[in-house]
Amino acid sequence: MASKTVLDELKRTQILELLEQGKRIDGRAFDEVRELVIEANAIPKANGSARVRLGDTEVICGVKIQPDRPFPDTGDRGLFICTAELLPLSHPTVETGPPQPHVIELARVVDRGIRESHMIDVSELVIKKDKSVIGVFADNVVVDYDGNLFDACSYAATVALLTSKTPTWNWVDEKPALVEGDLTPLPVSTIPVSVTMAKIGNHIVVDPNGDEWASMSARVTITTDSDGNICALQKGGSDGFTLDEMVQCGETSIRVGKQIREKLKAAQEGVQ
Amino acid sequence: MGGRDATMVLLDENGIRCDGRKIDEPRRIMIRAGGLKNADGSAYIEFGDNKILVGVFGPRDVHPKHMSNTDTGILRVRYHMEPFSVGERKNPAPSRREIEISKVIKEALEPAVMLEKFPRTAVDVFIEVLQADGGTRCAALSAASVALADAGIPMRDMVAAIASGKVADTIILDVNNEEDQAGQADMPVGYMPNLKKITLLQLDGVLTSEEYKKCVTVGVEGCKLVYEIQKQALNDKYFGKKGD
């Protein structure tokens, strides 16, 4: 969370001392991701959905697909919008009301990672050019918090999209008409995977848990696609990275991303 | 919500409803106590196709401070539906309907919770509807009671809830989404079985005075069924599952 407690300050010292000895507070290797449990199709009424548990961080994503008006300048492309929200039951410090800046950043970074990878081919989501297109909404809700929401939301949204079934609409009498029973998968071209790394002291660790998140001085989230290209990046936190560190982080994100991508694929295949 | 079929038979000649249930048969109900790590107490309920998660915090400091009461604790309830919980994507901002349901659930729970033991504090109940299929307020209220008990907050009783209603001129238990849309009356009932008190009651639809009596009675009897499942959920968490 954004607020730091006295306990965080004590833990910070402990976390840093352990890192000096090459250890992490929960015993993981520096480039090791926490246990990732994915339940695809957790919300059968949504067009696609997933419940993801990354360590003790838990996120549910539901995808809704429905006809929408295109943006005026992109009448030949469908809409893809990904959101993220921290529910007040996810942590005692989360309050209801308008989203805090860090939650807005979360939603935008998760959206950008998927959007910039061109995972969904929005040019195929057109019902009638300039009049009506298909809108794909992937809404993430965080139900339990233990750090690294960027990756948990990204994985939940990706699996929810991979398992989504799109209805078909025809253009009849100047409006979209639903074709009953005609469901197809979304046009997916790649599987984006985000990997978030935190800088604590002079050490960089992958998938920081809640305690590490509260102790870090800077972080970077890098999204890679199926071809191993980097397609989105966000640096955050009030410290900087050296050039070497950034290069290292890029390589780590490709290597770790590859392992995670297999897990996301397995979750998708599990429901087919 | 949608999915309404004009040709659907709500009640056939054998007294079987559109989803295959008998007139006094509730949908499948599963309640799990606990499950969330950060919340002080939590519960998850599956009530037919409804899926609802409840988290409880407190008693804790009240923010904003002016809401606090020096004589008693206060209960705050937020009922919220996820954008993907219903047929057409719901705007995530709270609607007037959600604000009203939050209020009736709060007032249904208040008589059960011993708030007077915790002056100047707040107990916050957060209800998140992950998937909705008619009767969410009752399912949410039942789960919220379990979550409050799971948080260890002293209570006089748990509130159990279920809806009764009128479909094809017959009083039925546990109104589902289709019956709510196409039926004649829907009556959500919240009841504390030990104290024998009704703490939530709403009705929309027309009932004769006889039907009204029957409808409340059927609802209260249904609540007793839900109550057993609530107790079993707490039992399973704190004393181990049967047969373990």
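This section describes a predicted model with chains A and B, from the sheet of chain B to the contact between the chains.

The sheet of chain B comes first. Five strands of chain B form an open sheet. Their order is β1-β2-β3-β5-β4, and the pairing is mixed. The edges are β1, residues 29-33, and β4, residues 74-81, of chain B. Each of these edge strands pairs on one side only. From one strand to the next, the twist averages 15°.

At one edge, β1(B) pairs with strand β2 of chain B, which spans residues 41-47. The two strands are antiparallel, and five bridges link them. Across this pairing, B:Met30 stands opposite B:Glu46 of β2(B).

Strand β5 of chain B covers residues 121-131. Of its 11 residues, 10 are buried, so β5(B) is mostly covered. One pairing partner is strand β3 of chain B, residues 50-61. β3(B) and β5(B) run in the antiparallel sense, with nine bridges between them. Here B:Ile52 faces B:Val129 of β5(B) as its opposite residue. The other pairing described here is with the edge strand β4(B). β4(B) and β5(B) run parallel and are joined by eight bridges. In this pair, B:Ile74 stands opposite B:Ala122 of β5(B). The chain passes from β4(B) through α1(B) to β5(B). This β-α-β crossover is left-handed. Helix α1 of chain B, residues 96-109, lies across both strands. The helix runs at about 140° to β4(B).

Next comes the nonpolar interior. The largest nonpolar core holds 143 residues. Within this core, A:Ala156, B:Val54, B:Val125 and B:Ala143 touch the most other members. The element that gives the most to the core is helix α3 of chain A, residues 149-162. This helix supplies 11 residues. The contacts of B:Val54 show the surroundings of one core member. Leaving aside residues up to four places away in sequence, B:Val54 touches B:Ser42, B:Ala43, B:Val125, B:Phe126, B:Ile127, B:Ala140, B:Ala143, B:Ala144 and B:Ala147. Two of these names, B:Val125 and B:Ala143, also appear among the core members with the most contacts.

In chain A, strand β4 spans residues 79-86. Six of its eight residues are buried, and the strand is mostly covered. β4(A) runs parallel to β6(A), and eight bridges join the two. A:Cys82 has A:Ala138 of β6(A) as its bridge partner.

A loop of chain A offers another setting. A:Gly240 sits in the loop between β12, residues 230-236, and α5, residues 243-270, of chain A. Is A:Gly240 buried or exposed? A residue counts as exposed if 12 or fewer other C-beta atoms lie within 10 Å of its own. A:Gly240 has 11 C-beta neighbours inside 10 Å and therefore counts as exposed. A:Gly240 and A:Ala152 are 88 residues apart along the chain. Their C-alpha atoms are separated by 24 Å.

The last topic is the contact between the chains. Chain A contributes 25 residues and chain B contributes 20 residues. On the chain A side, the elements that give two or more residues are β3, residues 57-68, and β6, residues 132-144, of chain A. This side of chain A comprises 12 nonpolar, six polar and seven charged residues. β6(A) thus appears in two settings: β6(A) gives residues to the contact with chain B, and β6(A) is joined to β4(A) by eight bridges.

Key: Residues are numbered from 1 along each chain as its sequence is written. Chains are lettered from A and ligands numbered from 1 in the order in which they are written. This is a predicted model: local features need pLDDT of at least 70, side-chain atom pairs count only at pLDDT 80 or more; totals for chains, interfaces and linings use all residues. A nonpolar core is a set of buried Ala, Val, Leu, Ile, Met, Phe, Trp, Tyr and Cys residues joined through C-beta atoms within 7 Å. A residue is buried if 20 or more other C-beta atoms lie within 10 Å of its own, exposed if 12 or fewer, and partly exposed in between; C-beta atoms are placed from the backbone. Helices (H or I, at least four residues) and strands (E, at least two) are DSSP runs, numbered from the N terminus. Two residues are in contact if their C-beta atoms, placed from the backbone, lie within 7 Å. Two strands pair if DSSP finds at least two bridges between them. Axes are lines fitted to C-alpha atoms, for helices over the stretch in contact, and angles run from 0 to 180 degrees between N-to-C directions. A crossover is right-handed if, with the strands pointing away from the viewer, the path from the first strand over the helix to the second runs clockwise. Ala, Val, Leu, Ile, Met, Phe, Trp, Tyr, Cys and Pro count as nonpolar, Asp, Glu, Lys and Arg as charged, and the others, Gly among them, as polar.
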